[in-house]
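Biologist: Before I look at individual parts, could we go through this model together, and could you state each criterion as it comes up?

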Amino acid sequence: MFLFQLGFLDIDWLDLLDVLLVAVLLYQVYSLLRGGVASRVFIGYLLVYFTYLIVKALGLNLLSTILGYFISVGALALIVLFQQEIRRFLLLIGKSTNLAGNRYVRQWLLRQPAETQPTVPLAPILEACKVLSADFSGGLIAIQRNDDLDRFALSGEPIEGVLSRSLLLAIFCSHSPLHDGAVIIANNQIRAARCILPVSDDDTLPASLGFRHRAALGLSEVTDAAIIAVSEETGRLTLALNGKLTVGLSNNELAGQLQAYFMPPRRR
């Protein structure tokens, strides 16, 4: 059943649903790209594409043919131009649809016994962060949750040491050869130090946030790890979770957010 008839264009309910879904998709893509040159290029490409649709509907054959060639070639150019954004988009999708990490999938489909998430000993981490913040010593600590961090741990120096406040402070001492880069904590151990993390290319971050904060945000965009960044200039504490930074946390606020994030699920 047609809702509108405009001579050359008939619109029904499915067309409206199609337009709505496309609008939602375009908004999500723009949210992913906004803040940089990529967003302006994407908007320009959309304007050309909408112009192509209009001239095609109006029957302007010559102009629609020219724009059609441009659109077909431009699609390949967009893949090359937006390869970093496409990679980040696919990583976000894979992260949000991690079936192997879902406890219901493990229990019912994979026939694995139900397990509670292991409790992370946060006390030595919080104590070390408190000292680093008070001494204005920089630090970057990544705490594994469900996603594997092996590929990032391999980029640094293996430690495989017992998680303790003293060891963390020794690593981030300014005279230590391991103080640059990140410490990765997994399975209640300090897995590796001086690790290289992926740096976020989010252009909306303020200039006051340096490399540590961008690295913390970058890892949180592609994994479910919790990353703590301690500023060397200001001593402030920053927590990165699921692609979002929370800057200027107090010790109690940091402890509360970490405890809530790593709290084991209740048994039913």
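Biologist: Which residues are linked in a network of salt bridges?

Modeller: This is a predicted model, in which local features need pLDDT of at least 70 and side-chain atom pairs count only at pLDDT 80 or more, while totals for chains, interfaces and linings use all residues. Residues are numbered from 1 along each chain as its sequence is written, and side-chain values use heavy atoms, with hydrogens and water left out. A salt bridge here is a side-chain nitrogen of Lys or Arg within 4 Å of a carboxyl oxygen of Asp or Glu; arginine 191 meets aspartate 150 in this way, N to O at 2.5 Å, and also glutamate 160, at 2.9 Å. The linked residues are therefore Asp150, Glu160 and Arg191.

Biologist: In which strand does arginine 191 lie, and in which strand does glutamate 160 lie?

Modeller: Helices (H or I, at least four residues) and strands (E, at least two) are DSSP runs numbered from the N terminus. Buried means under 20% relative accessible area, exposed over 50%, and partly exposed in between, with a 1.4 Å probe and protein chains only; by that scale arginine 191 at 22% is partly exposed, and so is glutamate 160 at 42%. The side chains of these two residues meet in a salt bridge, so parts 31 residues apart in sequence are tied together, with arginine 191 in β6 and glutamate 160 in β4.

Biologist: How many salt bridges does the structure hold?

Modeller: Beyond the network, glutamate 232 and arginine 212 meet through their side chains at 3.5 Å, N to O. That pair links distant parts of the chain, 20 residues apart, with glutamate 232 in the loop between β7 and β8 and arginine 212 in helix α9 (residues 211-222). The number of salt bridges that the structure holds is three.

Biologist: Which strands stand at the edges of the sheet?

Modeller: Two strands pair if DSSP finds at least two bridges between them, and seven strands form an open sheet of mixed pairing, in the order β4-β6-β5-β3-β7-β8-β9. Each edge strand has a single partner, so one side of each is left without a neighbour in the sheet, and these strands are β4 (157-162) and β9 (244-249).

Biologist: Which helix touches β9, and which strand direction makes about 20 degrees with that of this helix?

Modeller: β4 pairs with β6 (residues 189-195) in the antiparallel sense over four bridges. Helix α6 (residues 123-134) packs on the sheet, and the contacts (heavy atoms within 4.5 Å) reach β3, β5, β7 and β8. Helix α10 (residues 251-261) also packs on the sheet and touches β3, β7, β8 and β9. Angles run from 0 to 180 degrees between N-to-C directions, with axes as lines fitted to C-alpha atoms, for helices over the stretch in contact, and on that basis the helix asked for is α10 and the strand is β8.

Biologist: How many of the residues in β3 are buried?

Modeller: β3 runs antiparallel to β7 with five bridges between them, and it pairs in the parallel sense with β5 over three bridges. Gly139, Ile141 and Ile143 point one way from β3 and Leu140 and Ala142 the other way, and all are buried. The strand is mostly covered, and the buried count is five of five.

Biologist: In which loop does phenylalanine 136 lie?

Modeller: Most residues other than glycine have a negative phi. Phenylalanine 136 is not a glycine, yet its phi is positive at about 55 degrees, and its relative accessible area of 44% makes it partly exposed. The residue lies in the loop between α6 and β3.

Biologist: Is leucine 21 buried or exposed?

Modeller: Leucine 21 lies in helix α1 (residues 13-33) and, with Leu14, Leu17, Leu20 and Val24, makes a nonpolar surface patch of about 500 Å². Patches are made of residues with over 30% relative accessible area and no salt bridge, where like charges are joined within 9 Å and nonpolar side chains (Val, Leu, Ile, Met, Phe, Trp, Tyr) within 5 Å, and accessible areas come from the Shrake-Rupley method with a 1.4 Å probe, only the protein chains shown counting as cover for residues. With a relative accessible area of 53%, leucine 21 is exposed.
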